[in-house]
Structure formats: structure tokens, C-alpha cells
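Welcome, and thanks for taking a look at this with me. Below are a few points to read alongside the picture.

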2 protein chains.
Amino acid sequence: MYKIAVDVMGSDDAPVCELSGIKLALEELTHIKVIAFGKKEEIEAYGLKHERLEYVYTDDKIIGTDDATTAFRLKKSASMIMAIQAVKDKKADAVVSAGNTGAYITAGLFMLGRIKGIRRPALATLFPTATKGKYFVFADLGAVVDATPEILNQTGIVGTQLAKIMLNIEHPKVGLLNIGEEDKKGTTLYVETNKLLRENHKVDFIGNIEPRYIMDGRANVIVADGFTGNIALKSYEGMQQTITTVLKREIMKSFGTKIGGLLIKPALKELKATLDYEGIGGAVLAGVKSPLIKAHGTTTSFQFSSAIKIATTFLEKDLVGEITKVLEKDTDK
Amino acid sequence: MYKIAVDVMGSDDAPVCELSGIKLALEELTHIKVIAFGKKEEIEAYGLKHERLEYVYTDDKIIGTDDATTAFRLKKSASMIMAIQAVKDKKADAVVSAGNTGAYITAGLFMLGRIKGIRRPALATLFPTATKGKYFVFADLGAVVDATPEILNQTGIVGTQLAKIMLNIEHPKVGLLNIGEEDKKGTTLYVETNKLLRENHKVDFIGNIEPRYIMDGRANVIVADGFTGNIALKSYEGMQQTITTVLKREIMKSFGTKIGGLLIKPALKELKATLDYEGIGGAVLAGVKSPLIKAHGTTTSFQFSSAIKIATTFLEKDLVGEITKVLEKDTDK
């Protein structure tokens, strides 16, 4: 029986999305228990009860404007911090929250600690390709903003373990996000990282990949530093959002295009399903001593249940143990 | 009469696109002369003649795989290099090419030299917003890969001059591309740049802007280092391409969606027109002593003529003089 600590106060629609997500997860996964941390009145108003669900009440919570680096010291009784503390105290095996990303990953890093040998944990998620249901692991999306070649090289190793577990691929192909394919392209950081990845026997490195090609699925893992990865992620989101806005506006402009818009609805639905990486449920801070899952702030119930499922999968397939093992094998490098 | 030196061997469809683009430009702009550099047989096969068009024949050309840093020394008789040389020798006032970007901007920088006070020229283009016909200046897109805060701060100044000239805006708003809006967000490079831009009296700095919001048009100039700017640009392109591919595929899947696809054609056309920043014609290497315009490798005739028009506008409005003037005013800083 795996125990998942869940902060139910983090999302934009907390605690409703979290609690209905927990309900879905408990129904589907009969081998998990959930300890939910949040405000008593709001939780009781929702009224979810389950034999494998336990509540810990707290009035305090981390908010969006809380300082990432000090929140966990100043707000020890916040739901997010108490959920992480439960994992630290071995009362739970993994933690899930949709709250303030900076505060969450900083608290997770400091409170849970790094796996031995990990320089800096990376924030990773599955990202979609043009083929529906085909994803790749994208890391780092913002945990390490000022990275080094050594950190990025290790992100390649950790990303490989994530792809094995999340995508069931035995030998994941690893690409380095860059502005050109040639090994010498990019900043000094990227030129040096390329060299290290070329020499790294623990990853199947296929070279630099430009952002316009990562969605064709040629790599199973895309490595970037946290700043660049976050810029790319938000650029994809920006263009997707812009296209949606403009297309909707233009379709509403005439009778003919409105009818056309109705007729292509199945195609638009498939497009959305193909690109909807948020359906994946969450990102993982890979490299800390217990699975820490970040759900999107705008999470739906379904996405939140999916985040709990990811936490469960990492426990079942022993993500932390696998990362530990591959880092220990430093002799075969 | 402005004289534009044009390399007609650079594009994927050279010299046809270039020559038909020159034809369009000469017809529209009666106050320009063009000196075209390229291969005699291919130019004669196309057969364009005009009283304000002069040819300089050369068999040599820069190709995509030529090394950016050495091409201009090794291939002095290449059409691109001879076109730049014509500007250097005061035989022409500006230069346009669709060839190898790296080789072109490196050659342009070394052969034409920097405007006094410019640390490193930036590659800038107009980029679309969700509002059709509304653009912003996006720089740097790849000229300076390892930047410093001082270089980025100056890109803010140069970008402001570009926005004044290209967008006819008297007081352009400048934003810094970043992963969050708070001043302390991003890498050390971005935190330091934010500080310098805040103190810079020559720009109207409105703060950090995330990539997902730049297309709403809140800033007239977006500043980034060449690596990050290029990553963002290619991420936008990647998502646009992916959405186009998936949507086409899904629309072709059933009779109903096919009919719908036909009906929404006007909307799709408007979408394309809104996002089509390539219609702008080219990017400019801002900060060298004469206007240097890079047309897209996949340029159309129309786009190429537009690149020649941009070169002409920069001459008319004295881009180089304006940049020189604003940099000289270092006392009011």
C-alpha cells in the first residue's frame, strides 16, 4: 500500500479539483492511501469520505506571491509544507501539489534532500509530439536556472531513467535543445554540455535538436537548462494560445466559417487531445529522495488524479532507486 | 537614389526568387538602384533587364555548410561577400541576401564594422501579435550567442530605434523576455539586464515578459540574448508547424471535417496572414555601419522584394545615423 501526501490547497480551484481528483485516483488505484492536507471547513464542505483517505487540517497555505526560497521556513504549517514534511517523516511515500511552483520545488529540495550523487534535481514533464499519445520527457523546465554542463549532463541521465519508467522505452534517445544541429552550436554552456553528453555512456545521445523539431518525436528525452526549457515551454504555449484565439475569432466572422467551425469540431478535438500534455497531470522534481509531483495550477480533477497516478507509478517502478543505481555505476563511465 | 547590393544566389530557389523580387522592388521603388551579384548563366537564363539594375557576375557562392567565421576570408569572390564588399567600398548603401545566416552576419560584422559605441550588433525582425498587421521588434535572434547584460541593455536601445523606424511609434515600450514577470526572475544574465534596463533612460522599459504573453502586443520591442531569442523563435515556429500538420491530418479524416475545412478556408487564410511574419521580408543586423538585411532562406519573390524595401526604409530614415545619435547621448544617462 503506497501512501501519497496531497496538498489540496494549491490549485486555482482548490480544494474542489484536488478532492475530486483524489476521489478518482482512490477509485482507480486500490493499492494507495491518501493523506490530504488542507483547510477543515473547505474540505468538510466538499464532504469526500473514503476508507483509504485521511485528512490533516491546517489553516495556513502557501500562496502565489510567497517567496520561493523562504516560504518553507516561514510557513511550516502550510498545507504544502506539511505534505512534504509527512514524506520526510516517512508517514507518506510521495507528495503531490498544484501550488506555487517555486516554493514547492525549493521546499521539496531542501526538506527531502537530493539523491546521493545528484548535483541539482531537474523539473521534468512529458511533452506531446505531433503523434497523438506519443510523448517525450522534457527536462529541466525551470528548477535550475543557472546551470552548468555537469548539471545538464546529469539531467540527460535522469531523463533517461524517467523515459524508461514513464514511456516504457528500454533505450531512450536523448537530444539536447539547441539553436542548431552542429555540435558547436549554442552558448558555451551548450557546447560544453554537448561534449559531455557525447562522452556519456549512460545515455544514448543523438545530438542537438532545434525547438522546431522536438515535436516530431525523434528524441525520447530533451535536455535543456531550466531557463531555456521554461522559455521554450512557454513559447509553445504562447503560440498554441495565439493560434486558438485568432482561429476562433476568424471563424466567428461569417456564417460560412461558423458552419465550417462546427463541422471541423472533431478535428479540433483531436488536435487538442494530441497537444494536451496537461492531461499527463504533472511534472516531477527528479533527483530528490522521494517522488515529488507538481500538478498544474489550472489543473482539472482528471489531471489531478493523473498526477497522483504518476506519483504511484514512480513508487511502483522505484524511480528513486533506479536513479540511485545508475549514478552509483560511475565506474563504467 | 539609393543603391542596394543584392546577393541573388542565397535562397533555396536562387536566383529566381531574388530576381523576381528585385523586379517587384524596382517597379515599386523608383528611387533605388540595384546591383545584383550572382552566376552569369543563371541570371541570363532568367533574363531580367532594367535601367536601374546592374549585374556583377561571379561563379563563387557561400553555401549552407560554409563555416560562418571563415567563409568571408576564404570566399572573397562569393556573391554574398562581393555584395557586402560593394557596400564597404561605398558602391552601394545597403546589402540584402537570403544566404547562410551565420556566414552573412559574421561577414557583415567584420567587413562593415560596428557603429561607434555598439558592443555587438543584434539580429532583429518584426514578429507578429494576435492582431493582424500589428508587430513588435524581436531582438536578438541569434547574432550574439554568449551575451552580457551590457550587450542586452544596448539591444534595448537599438531595438527602440528600430521600432521608431519600422513601426512608426514615437515611444516604443520595451520588454525583456524572461521566465517570469518579477525583476529577479531568470538567469544571472537576465537579472542583471533587468537592472540595467530599469536604469536606462533611453528606453521605456516595462519589465520582464513571459514568452506566452509577447504575442498579445504589450511591448513594441522584446529583448533577448541571441541564444534564447532563437530558441523562442524556433519554438513558436515549431508549435505553429505542429498545429498545421495535425489539423490538416485530422481534417482529412472524414467527409464532414473535409467540408468544414473548405468552409473555414477564409479563417485559416486570415490566421496565416496574421502570423506570417515572414511577409515582413527579413531580419536586420542592427549596429553595423550600413543596413544589412537577411531574407529568409525559403523566401518568396514578394518577401524578397519586401526585404529590399526594408533596406530602403532604413536608408530613408537613416537607421545608422539614429543609432549613432542615441549612443552619443551618453551624458543624459
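1. A word on method before the symmetry: copies are superposed by least squares on the C-alpha atoms of residues with pLDDT of at least 70 in both. That cut-off applies here because this is a predicted model.

2. How are chain A and chain B related? A turn of 180 degrees, with a shift of 0.0 Å along the axis, lays chain A on chain B with an RMSD of 0.0 Å. This is the relation of a two-fold axis. To find the axis in your viewer, look for Gly260(A): its C-alpha, at 1.9 Å, comes closest to the rotation axis among the residues of chain A.

3. The contact between the copies follows a matching pattern. Of the interface residues of chain A, 100% are interface residues in chain B too, so the two copies meet through the same surface.

4. Now for a single chain. Chain A has 12 helices and 11 strands, and its C-alpha atoms fill a box of roughly 65 × 60 × 35 Å along the principal axes. Its radius of gyration is 20 Å, which agrees with the value near 20 Å that a compact globule of 333 residues would have.

5. Inside chain A, 60% of the 333 residues count as buried. Among contacts with a separation of 6 or more, 70% are between residues 24 or more positions apart.

6. Lastly, the outside and the charges. Chain A has an accessible surface of about 13700 Å², and carbon and sulfur atoms hold 52% of that. Chain A carries 44 positive and 41 negative charges, and their mean positions are 1 Å apart.

Technical notes: Residues are numbered from 1 along each chain as its sequence is written. Chains are lettered from A and ligands numbered from 1 in the order in which they are written. This is a predicted model: local features need pLDDT of at least 70, side-chain atom pairs count only at pLDDT 80 or more; totals for chains, interfaces and linings use all residues. Side-chain values use heavy atoms; hydrogens and water are left out. Helices (H or I, at least four residues) and strands (E, at least two) are DSSP runs, numbered from the N terminus. The radius of gyration is taken over C-alpha atoms; the globule rule is 2.2 Å times the number of residues to the power 0.38. Buried means under 20% relative accessible area, exposed over 50%, partly exposed in between (1.4 Å probe, protein chains only). Contact means heavy atoms within 4.5 Å. Accessible areas come from the Shrake-Rupley method with a 1.4 Å probe; for residues, only the protein chains shown count as cover. Lys and Arg count as positive and Asp and Glu as negative; His and the chain ends are not counted. The place of a charge is taken as NZ of Lys, CZ of Arg, CG of Asp or CD of Glu.
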